[in-house]
Amino acid sequence: MTNPSPDIGPSPSVATRAPTRAGVLRAAEKMAQLLPQTPLLPLELPNGGTVWCKAECLQPVGAFKIRGAWHRLSDLNDEERSRGVIAVSSGNHAQGVAWAARRLGIAARIVMPNDAPQVKLAATRELGADVVLYDRPGGEDRDAVAAALVAQSGATLVHAYGDAWVIEGQGSAGIELAAQMECFADGGPTRVVTPCGGGGLAAGLALALPDAEIVLVEPEGWDDVARSLASGVIQRVPRDAPPTACDALQTPATFPINFAVLSARGLRGLSVTEAEVRAAQRYAFSKLRLVVEPGGAAGLAALLAGKVATDGRTAVLLSGGNVDPAAFAQVIAHHG
């Protein structure tokens with residue numbers, strides 16, 4: 001049994017304002033000037049239904065996280081840029097922040113778990129960021145590590161999900177998605193299925209798409225956001241949570257800034273098993289020729305498992321593709 005944690009959240013300096021749909025639209029305008037839209041691909045499911053897949057795994061850093069990072073860092077003033085930024089991430093947000101920081105000439109330090117996939121650690125360092133490791137298996141608090149670094153340096157904390165700019169930036173994916181579906185699916189999305197870790201992407205989509213149902217999908221045993229929404233109080237992941245290949249979705253708890261957006265929409269969440277995630281990775285590779293990491297495939301896993309209905313205007317975020325090549329090859333080669 002886990003205990004409610006009403007005081008979970010970032011430092012006051014992070015939660016200085018609430019994210020807004022106007023902010024999401026501004027972030028979408030920024031992204032339109034920065035990068036091409038990621039593809040929206042129709043995918044026929046085994047039951048014959050069609051789902052629309054937003055291939056965020058094809059972003060320059062292999063994940064949607066580039067959106068929130070760019071929106072946050074590009075809004076920093078000159079003084080803030082001179083002090084640098086600090087982020088916390090298992091790897092995808094790390095690369096997004098490192099990419100944006102390098103482009104903007106900002107020094108970046110990223111707090112990452114010592115058990116993060118080597119491909120994500122290496123890519124973050126290659127982008128020029130200074131990586132600070134913390135002991136995730138040992139229960140070390142990454143937010144406490146980041147807070148100490150911020151106190152020492154005066155750098156700006158760019159949290160992976162508990163930040164208004166980051167939430168708005170992630171929501172830009174929903175603005176793109178809606179415009180693409182208007183062209184190809186005879187109307188915007190009625191339902192969007194999304195992987196969920198801390199709730200940054202889900203909250204951004206909820207703001208971007210007020211008329212669509214947003215379904216959050218988490219790994220089995222890591223469904224703290226779903227439990228939080230069901231109970232009305234923020235819940236933590238239990239210390240004895242089972243191992244999961246979905247490293248990108250291994251967040252200890254959502255933050256009030258995310259929870260406020262998600263609960264205001266009355267959203268629901270559900271969980272998927274490790275086997276269902278592996279099946280989704282194989283299906284995306286077989287049918288779309290896409291490499292999708294475990295966490296990035298969670299939404300598709302729920303659809304393939306029949307846990308979410310489709311209606312021809314249901315979309316899913318393939319949120320990331322940063323997976324170790326050997327691990328991915330093993331998933332593709334083996335069933336079950």
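# Briefing: helices, a cavity, a pocket and some single residues

Let's start at the surface: Arg289 counts as exposed, because its relative accessibility is 61%, above the 50% cut-off. Please keep in mind that this is a predicted model. Arg289 sits in the loop between helix H11 and helix H12 (298–304), and H11 itself packs across helix H13. The points below begin there, then move to the pocket, the cavity and some individual positions.

**The loop after H11**

- Arg289 has a phi near 60 degrees, which is a positive value in a residue other than glycine.
- The loop that holds Arg289 runs between H11 and H12.

**Where H11 meets H13**

- Helix H11 covers residues 274–288 and helix H13 covers residues 325–333; their axes come within 9 Å.
- How are H11 and H13 oriented, roughly parallel or roughly perpendicular? The axes cross at roughly 90 degrees, and angles of 65 to 115 degrees count as roughly perpendicular, so H11 and H13 are roughly perpendicular to each other.
- On the H11 side, the contact is made by Arg278, Gln281, Arg282 and Phe285.
- On the H13 side, Phe328, Val331 and Ile332 make the contact.
- By type, the residues of this contact are 4 nonpolar, 1 polar and 2 charged.
- A useful reminder when reading such a list: an α-helix has 3.6 residues a turn, so residues three or four places apart point the same way.

**The second largest pocket**

- H11 and H13 turn up again here, since each supplies at least two residues of the lining of the second largest pocket.
- This pocket has a volume of about 240 Å³.
- Its lining comprises 16 residues, and those that lie nearest its centre are Ala245, Asp247, Pro294, Val323 and Ala327.
- The lining divides into 7 nonpolar, 3 polar and 6 charged residues.

**The cavity**

- How many cavities of 30 Å³ or more does the structure hold? There is 1, and the largest cavity has a volume of about 280 Å³.
- The largest cavity is lined by 26 residues, with Phe64, Lys65, Gly197, Ala248 and Leu249 the closest to its centre.
- Helix H4 (92–104) and helix H8 (200–208) are the elements that give two or more residues to this lining.
- H8 provides the largest share of the lining, 3 residues.
- The lining of the largest cavity is made up of 9 nonpolar, 13 polar and 4 charged residues.

**H10 and what covers it**

- Helix H10 spans residues 256–264, and its buried residues are Ile257, Asn258, Phe259, Val261 and Leu262.
- Among the elements that cover these buried residues are H7, H8, strand E8 (213–219) and helix H9 (224–231).
- After H10 comes Gly266, with a positive phi near 65 degrees.

**Two buried helix residues**

- Arg67 belongs to helix H2 (residues 65–74). Is Arg67 buried or exposed? Its relative accessible area is 1%, under the 20% cut-off, so Arg67 is buried.
- Setting aside residues up to four places away in sequence, Arg67 touches Met31, Thr38, Lys54, Glu56, Gln59, Gly169, Gln170, Ser172, Ala173 and Glu176.
- One of those partners, Ala173, is 106 residues from Arg67 in sequence, while their C-alpha atoms are 7.9 Å apart.
- Ala94 is found in helix H4 and counts as buried, at 0% relative accessibility.
- Outside the residues up to four places away in sequence, Ala94 touches Ser89, Ile110, Met112 and Thr124.
- Ala94 and Gly105 are 11 residues apart in sequence, and 16 Å separates their C-alpha atoms.

**Two more exposed loop residues**

- Asp186 lies in the loop between helix H7 (164–184) and strand E7 (191–195). Its phi is positive, about 55 degrees, although it is not a glycine.
- Asp186 is exposed, with a relative accessible area of 71%.
- Pro137 is in the loop between strand E5 (130–134) and helix H6 (142–153), and at 61% relative accessibility it counts as exposed.
- Beyond its neighbours within four places in sequence, Pro137 is in contact with Asn114 and Asp115.
- The C-alpha atoms of Pro137 and Arg239 are separated by 9.8 Å, with these positions 102 residues apart along the chain.

Key:
Residues numbered from 1 in each chain as written. Predicted model: local features only at pLDDT ≥ 70, side-chain atom pairs only at ≥ 80, totals over all residues. Heavy atoms only, no water. Axes fitted to C-alpha atoms, helices over the stretch in contact; angles between N-to-C directions. Helix = DSSP H or I, 4+ residues; strand = E, 2+ residues; numbered from the N terminus. Parallel < 35°, antiparallel > 145°, perpendicular 65-115°, else oblique. Contact = heavy atoms within 4.5 Å. Nonpolar A, V, L, I, M, F, W, Y, C, P; charged D, E, K, R; others polar. Buried < 20%, exposed > 50% of the residue type's maximum accessible area, 1.4 Å probe, protein only. 1 Å grid on protein atoms, 1.4 Å probe; cavity = no way out; pocket = protein on both sides within 12 Å on 5 of 7 lines; lining within 4 Å. Points joined across faces, edges and corners; volume = space filled by probe spheres on them.
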